[in-house]
Amino acid sequence: MSDDLFLKIIQREIDADIVYETDELLAFRDINPQAPTHILIIPKEHIRTLDDLQADHAGLVGRMVLAAAEIAREQGLAQDGYRLVVNCREAGGQMVYHIHLHLLGGRQMTWPPG
């Protein structure tokens with residue numbers, strides 16, 4: 001797990017622009033933003049992919065979504081709207097194998113994403 005970029009951010013081995021933190025979650029600005037606001041919400045527990053989630057993670061995932069909504073309000077995105085994205089594995093666009101929720105906003109979102 002030492003190659004997990006997000007664990008290094010959690011452990012403060014790598015700097016990040018942190019915008020939110022609890023005992024179990026951390027949120028920080030993406031270093032390669034795809035929108036004016038692009039924040040990643042991650043659990044501090046290492047869970048590689050959505051497929052690795054267990055039933056007892058349901059509350060954690062719910063808290064990730066609630067944190068995203070709170071951060072969106074704090075960032076001034078709630079009124080106009082925002083997008084939440086989770087990628088799973090290579091074909092799904094997952095680049096870091098530690099589950100994370102992308103919070104994107106500040107512009108009109110299109111489909112497909114881009």
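This report describes side-chain contacts, salt bridges and a surface patch in a predicted model.

**The aromatic pair**

One aromatic pair is counted in the model. Its members are Phe-6 and Phe-28, whose rings meet edge-to-face, with 5.5 Å from centre to centre and 75° between the planes. The two residues stand 22 residues apart in the chain and come from distant parts of it, Phe-6 belonging to helix 1 (residues 5-10) and Phe-28 to strand 2 (residues 25-29). Phe-6 counts as buried because its relative accessibility is 3%, and Phe-28 likewise counts as buried because its relative accessibility is 3%.

**A buried histidine in a loop**

His-57 is found in the loop that runs between strand 3 (37-43) and helix 2 (58-74). Although His-57 is a loop residue, His-57 counts as buried, because its relative accessibility is 9% and the cut-off for buried is under 20%. When residues up to four places away in sequence are set aside, His-57 is in contact with Glu-45, Ile-47 and Asp-52.

**Salt bridges**

The count of salt bridges comes to five, and among them are the three listed here with the distance between nitrogen and oxygen.

| Salt bridge | N to O distance |
|---|---|
| Asp-17 and Arg-29 | 3.2 Å |
| Glu-21 and Lys-44 | 2.7 Å |
| Arg-89 and Asp-51 | 3.1 Å |

Asp-17 and Arg-29 form a salt bridge. This pair joins distant parts of the chain, with Asp-17 in the loop between helix 1 and strand 1 (18-21) and Arg-29 in strand 2, 12 residues apart. Asp-17 is partly exposed at 44% relative accessibility, and Arg-29 is also partly exposed, with a relative accessible area of 29%.

Glu-21 and Lys-44 form another of the salt bridges. Here too the pair connects distant parts of the chain, since Glu-21 lies in strand 1 and Lys-44 in the loop between strand 3 and helix 2, with their positions 23 residues apart in the numbering. Glu-21 counts as partly exposed at 40% relative accessibility, while Lys-44 is partly exposed with a relative accessible area of 23%.

The side chains of Arg-89 and Asp-51 also meet in a salt bridge. The two residues are 38 residues apart and belong to distant parts of the chain, Arg-89 to the loop between strand 4 (82-85) and strand 5 (101-105), and Asp-51 to the loop between strand 3 and helix 2. Arg-89 is partly exposed at 38% relative accessibility, whereas Asp-51 counts as exposed, because its relative accessibility is 54% and the cut-off for exposed is over 50%. Salt bridges with shared partners also join Arg-12, Glu-21 and Lys-44 into one network.

**The nonpolar surface patch**

Val-61, Val-65, Tyr-82 and Leu-84 together make a nonpolar surface patch of about 280 Å². Helix 2 and strand 4 are the elements that give two or more residues to this patch. Val-65, one of the patch residues, lies in helix 2 and counts as partly exposed, because its relative accessibility is 40% and falls between the cut-offs for buried and exposed.

How values were computed
Residues numbered from 1 in each chain as written. Predicted model: local features only at pLDDT ≥ 70, side-chain atom pairs only at ≥ 80, totals over all residues. Heavy atoms only, no water. Phe/Tyr/Trp six-rings, centres within 6.5 Å; stacked < 30°, edge-to-face > 60°. Helix = DSSP H or I, 4+ residues; strand = E, 2+ residues; numbered from the N terminus. Buried < 20%, exposed > 50% of the residue type's maximum accessible area, 1.4 Å probe, protein only. Contact = heavy atoms within 4.5 Å. Salt bridge = Lys/Arg side-chain N within 4 Å of Asp/Glu carboxyl O. Patch = residues over 30% accessible without salt bridge, like charges linked within 9 Å, V, L, I, M, F, W, Y side chains within 5 Å. Areas by Shrake-Rupley, 256 points an atom, 1.4 Å probe, with all protein chains shown as cover.
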